[in-house]
Amino acid sequence: MKKHLFYLIPVFLLLSLSVFGTGNKEAAAGPPWKTVGTNEFGWQVPEKTLEINFYDATQQSPDYAKDTTEEIGAYILQKFNVKLTKIAYDMDPSEQQSLMLASNNYPEVIAGMTPDDAQKWVAQGRVMDVAPYLDTYGPIIKKKLAPLYKRLVDAKGRVYVMPQYWGMLPIPDQSAHIRWDWWQAMGAPKFETPDEYFEVIKKMQQLHPKNARGERTYGISGYDHFKDILPVLVGFWGLKDGYKEGADKSLTHWINTPEGLAMTKFMNRFYREDLLDPDAFINNYEQWKAKFSDERIVGHVGAWWVTTDAGHETWAKSNPNWTEDMRYLPVKLKAAEAKQAYLSPKNTTGDTRTIVTDHCTQIQNLLRWWNFEISDTGTRLIGWGIPNQPDSVWTFKNGTWAFTDQAVKAMLSSTFDYDHAENVLGQVAFVMVAGQGLMDDGKSTIWFDQNFNDQDKWRKLMNTSLRDTEYDFSAFLSVVFPPDDPVTVTKKQVEDLLLTGWPDAVMAPTEQQCEQRFMALRDTLNNAGLKNVEAFLTKGYKQNLAAWGEQ
Amino acid sequence: MAMSPLRPRRGRGLRLLSRERELWLLSLPFFIWVAVFAYYPMYGLSISFLAYVPGKPIVGSAWVGLKFFIEFLTSPDFGYVMRNTLVISALGIVIGFPAPIVLALLLNELRGRSFKKTIQTVSYLPHFISWVVTASLIFTLLGNEGVVNDILLRARLVVKPINFLGTGRYFWWLITFANLWKGIGWSSIIYLSAIAGIDPELYQAGAVDGLNRFGMIRHITLPGIRITMVLLLILEIGSILSAGFEQQLLLGNPQTRLYYEVIDTYAYKYGVQMGRYPYGAAVGFMQSLVGLILVFSANWLSRKALDISIV
């Protein structure tokens, strides 16, 4: 018996070698890829439909995902013979991904992930390394991502995580906002510092104490617990994304800085002078938007697209007497004691990541598609939506592209229909690896509405006002908190305590009490481990700077 | 040869099984249901002792013993999370437990049949309204620009609106009365059915003995539903560490977090949402264990004091 087994062992070995050998050849050459010609976009159309399913981890509603992908999905299938299916869930993306991992039920691609979530998948060995395939199947990917490559590659030369919306878009995002027509009517009083802005807003609210429906107005409000607004507020005092950067690149959370106290006192003034919306810390975005669109909130701090959406784009549709002056203009504020205002942190690696999971059976063909998507033509198609239709925003004929006159006109007159662009033309519905930096002409970008900054007078005004407020903070924004590290839990505890305690300091009846509450909150956060979070971020930040050769 | 003492019993058991086979057959699906959905998933509790990572097999995960239990007990959040859970549950027992009994007694005293039915139906309806809708109703009522503040301002009882939803100290009462509003009618059904089971001749005898309506409630109705009350109280005590979930997440906000965060919401946020399943499982396990101990304690106490028990 033993003798027979002895003879069987080499046979098994040979068999297994031949099986693995075939597998390796398959991995190198990839699954069959026969094409039936090249389409007008330069894509070699496969004979057999290429199917790509991807989960968009940005918490989109399934209905929205279906609506926005239906038309462009059909177009891509018809023109490219590529069937793209976007999977979306309403639930928290991190929770969804944990369920996917636990059930082993997930598609071949996951896009729109936070760097922290992407790392979870890598740590579990669920992600495929794309590096070996890039030379053969993704030459454009490799060329486009060359400046970022050392951020993506690990010590063993593997590339597990791809960037999404990478690249530098040199356009400011965040700032304070002023109601243009009301400000002009006041004689456009100058303001540069937060305190001067406060005085203007106070005066403006006094001039407009009630809206057209007789409801009272407020100087300022907020939504989603000020999570996105807080870093902008401390940016007026020269902090970067909520942290003070020392000369040695060490990072200190704003609560541990005098600038953080000054910002809290600034907000406290709004409360004490009855200018703060009492729902400011309770509102969700929709509730805030309803008040803002009803002209009940005079000032704002945050992203320009927020007041655009809730302000003149809403009024243009709902108010027959709307004039283009009825709008908010993003404006820079800088505290007198700050050297510079840092308002719009930019992550040139992109804020979100995309991975190929171990469920992918044709990584070579997937990379063929990504190679097209990341090209300038591909980015235009995916970013600007279906071309060459009567309602398209761009045309692409004989290798030449152009914006349509009607789209440009609508854009410049603030009457552009964003819903149509998303739902019918499918703008940015299928982004997996495309970037947002400037393309071959040095001007155009994936975001259609960002292509007219040199023509649109309002955007010109905004860009002039906010010049030098955006800054590259990629090394900070790319620090990953490992899921199994206690500092990750500490970070969440600190964030939760901050969101609970800060409103209390803002809503103090006196400035003295505001300061007392601020100091108490500082102690609470430090006792909860904030110093550990600061140390972790500082270490990661410095490591990234050193590894990327930017220190 | 001596007979095995088990033999006759086994024979009796089999004879019993054979005689009651229809009943056992009817019960079989429920045994299977309990086994599959209640007992089989219990093996998952083992992850509370393991360094389990979602997606990796449970078998093979490193043993960490009581690490996650200790982490919860020593967490800086433990104090207020446990306090909120106990206070909200205690308010639920002190106010929420007797309220449906009182409602059932009041409904039982109504004489007009159609009026009684209408009141009953109206009181059940909130049970069928989801917490999402309930939360919107509460926002409309108690928001800074809600109906209540509007009335208070118009009546000049306050100068500024009261921030009911953003002030922590109001939250316990808010959630208690929201739970009460949603559950009082529904919970009263079981007491109404218990009241319906009381022999009407007792009331006739009470009337002959000169009892008025309050007397009848005190001496006939309440003793008649005593067993139901005690059994439900024992179960209520067992769930003292389950102080709600949806309602907290919908009605709470960061401003009221130090008053609304209870064990279930905390385990969800710091366990499930962060992908730390073992932590969530450990907190849940601890909660169930305490619940079980409380049920048995309350049961023991009830047996000693009132000679009523569920097991």
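Which residue of β13(A) stands opposite A:Met162? Select A:Met162 and look across to β13(A): the residue opposite is A:Thr354. The model on screen is a predicted one.

**Stop 1: the five-stranded sheet of chain A**

Widen the selection to β6(A) and to strand β13, residues 352-356 of chain A; the two pair in the antiparallel sense, with four bridges. They belong to an open sheet of five strands in chain A, ordered β4-β3-β5-β13-β6, and the pairing in this sheet is mixed. Colour β4 (82-87) and β6 (161-164) of chain A as the edge strands, since each of them pairs on one side only. Ignoring direction, neighbouring strands of the sheet are turned by 25° against each other on average.

Now add the helices that pack on this sheet. α4(A) touches β5 (109-113), β6 and β13 of chain A, and its direction makes about 20° with that of β13(A). Next select helix α14, residues 363-373 of chain A, which also packs on the sheet. This helix touches β3 (50-56), β4, β5 and β13 of chain A, and its direction makes about 75° with that of β3(A).

**Stop 2: the two domains of chain A**

Colour chain A by domain: domain 1 takes 36-169 + 348-452, and domain 2 takes 174-342 + 479-547. Their C-alpha centres are 32 Å apart. At the boundary, seven residues of domain 1 of chain A are in contact with nine residues of domain 2 of chain A. Helix α4 (residues 115-123) of chain A gives the largest share of the domain 1 side, four residues. By class, that side of domain 1 has one nonpolar, three polar and three charged residues.

**Stop 3: the three-stranded sheet**

Select β10, β7 and β11 of chain A. They form an open sheet of three strands in the order β10-β7-β11, with antiparallel pairing. The edge strands are β10 (300-303) and β11 (328-331) of chain A, and the twist from one strand to the next averages 45°. Strand β7 (residues 174-179) of chain A is joined to β10(A) by four bridges. To see one facing pair, pick A:Gln174, which stands opposite A:Ala303 in β10(A).

**Stop 4: an exposed residue in α21**

Go to A:Gln512 in helix α21 (residues 511-527) of chain A. Is A:Gln512 buried or exposed? A:Gln512 is exposed, because only 12 or fewer C-beta atoms within 10 Å are allowed for that class and A:Gln512 has 9 others in that range. Draw a distance from A:Gln512 to A:Lys265: the C-alpha atoms are 9.4 Å apart, although the two residues are 247 apart in sequence.

**Stop 5: where chain A touches chain B**

Show both chains. Here 24 residues of chain A are in contact with 22 residues of chain B. On the chain A side, α3 (93-103) and α20 (486-506) are the elements that give two or more residues. The largest share, seven residues, comes from α20(A). The chain A side divides into ten nonpolar, seven polar and seven charged residues.

**Stop 6: helix α16 of chain B**

Finish with helix α16, residues 277-306 of chain B. At 1.5 Å a residue, its 30 residues should span 44 Å, and the end C-alpha atoms are 42 Å apart, which agrees. Among the buried residues of α16(B) are B:Tyr277, B:Phe285, B:Ala298 and B:Asn299. The buried residues of this helix pack against α3 (67-73), α12 (226-238) and α15 (263-272) of chain B. Step past the end of α16(B) to B:Asp307, whose phi is positive, near 60°.

Note on methods
Residues numbered from 1 in each chain as written. Chains lettered and ligands numbered in written order. Predicted model: local features only at pLDDT ≥ 70, side-chain atom pairs only at ≥ 80, totals over all residues. Buried ≥ 20, exposed ≤ 12 C-beta atoms within 10 Å, placed from the backbone. Pairing = 2+ DSSP bridges. Axes fitted to C-alpha atoms, helices over the stretch in contact; angles between N-to-C directions. Contact = placed C-beta atoms within 7 Å. Nonpolar A, V, L, I, M, F, W, Y, C, P; charged D, E, K, R; others polar. Domains from an automatic or database assignment. Expected span 1.5 Å × (residues − 1).
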